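Q: Could you take a close look at one part of this model for me? I'd like to go through the metal site and the strands that come with it.

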Amino acid sequence: MVTSRYDRQLKIEQIGEVGQANLEKANVLVIGVGGLGSYVSSELVKAGVGSITLVDFDQVELTNLHRQNLYTEADVENGLGKLEAMQEHLQAANSNVKINTIEQKYSSELINDQYQLVIDCTDNFPVKYQINHDCFEKNVPHIFATCAGNQGQAMFIRSTDDACLECLYPKQDIAKLGLSANIGTNPMIVAITGSLEASMALKFLTRPEKVVPGKLMVVDNWNFDFRKIRVHVSSKCPLHGGNN
Ligand SMILES: [Zn+2]
């Protein structure tokens, strides 16, 4: 008898054969294959997602390697683009998964309902707000995440009924959040935050009926705080009918 490569995850009661079959039919869009995107895509590909589309436009650089999973010194020496390198590494990890790449900066027309889920793995807040806006307009579920310093955050947004990024952080407050290039990035917070996004994705893609949105996960991997914070739709959110 041939044992399934997914044997260990099939034994997770909440996933099982039904969940795995759902995952193998799923089609997801991952925007950005830097720190978060490397972890998200490698974990979903190894878990056996049906099809994954990766969007990026950068080259692999030496300063990426401390926190961006799967990339190698050879990728840097060969001057590979992130998509080319990532597609090769991911396909080597699981040849069953269909891996598509789109080499461009983010634009709104990338979001459409052929994807069950969009996963924001960018490190750029204006782009995050645009992804949030586009997923809201097109009613496509998405996962927001960010990490900087020793702190990471992730939140699943299923539909327009749920609190969105602008409910969580009004746009005018983003200057207070800090950006990773300025304050540095603990490599392990990237792994944890990426794994949180992948975990949210795995649950939604295997057992969508079990997902409860409106919860922000906040992790600090220096003080070792893990928090789950309830987030409500804000009356000031412009997407949710407020006028800021
Ligand atoms: Zn909102």
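A: Here is a walk through the zinc site, followed by the strands. Keep in mind that this is a predicted model.

The zinc ion has four protein donors: Cys164, Cys167 and Cys237, each through SG, and His240 through ND1. They lie 2.2 to 2.3 Å from the metal. The angles that the four donor atoms subtend around the zinc ion run from 95 to 121°, so the arrangement comes out as tetrahedral. For comparison, the ideal angle for four tetrahedral donors is 109.5 degrees.

Along the chain, the donors follow the spacing C-x2-C-x69-C-x2-H. Distant parts of the chain are linked this way: Cys164 sits in the loop between strand S6 (151-157) and helix H7 (165-168), while His240 belongs to the segment after strand S8 (225-230), 76 residues apart. As for exposure, Cys164 is buried, with a relative accessible area of 1%. His240 counts as partly exposed because its relative accessibility is 22%, and the buried class stops at under 20%.

Now for the strands. S6 pairs with S7 in the antiparallel sense, over five bridges, and Gln151 has Asp220 as its bridge partner in S7. S7 also runs antiparallel to S8, joined to it by six bridges; here Asp220 has Asp225 as its partner in S8. The hairpin of S7 and S8 has four residues between the strands, and in it Phe224 takes a positive phi near 60°. Strand S7 itself (residues 215-220) is largely enclosed by the rest of the structure, because five of its six residues are buried.

Technical notes. Residues are numbered from 1 along each chain as its sequence is written. This is a predicted model: local features need pLDDT of at least 70, side-chain atom pairs count only at pLDDT 80 or more; totals for chains, interfaces and linings use all residues. Side-chain values use heavy atoms; hydrogens and water are left out. Donors are N, O and S atoms within 2.8 Å of the metal (3.2 Å for Na, K and Ca); water is not among the atoms, so sites may look incomplete. Four donors count as tetrahedral if all angles lie between 85 and 135 degrees; four count as square planar and six as octahedral if opposite donors are over 155 degrees apart and all others between 65 and 115; anything else is irregular. Helices (H or I, at least four residues) and strands (E, at least two) are DSSP runs, numbered from the N terminus. Buried means under 20% relative accessible area, exposed over 50%, partly exposed in between (1.4 Å probe, protein chains only). Two strands pair if DSSP finds at least two bridges between them.
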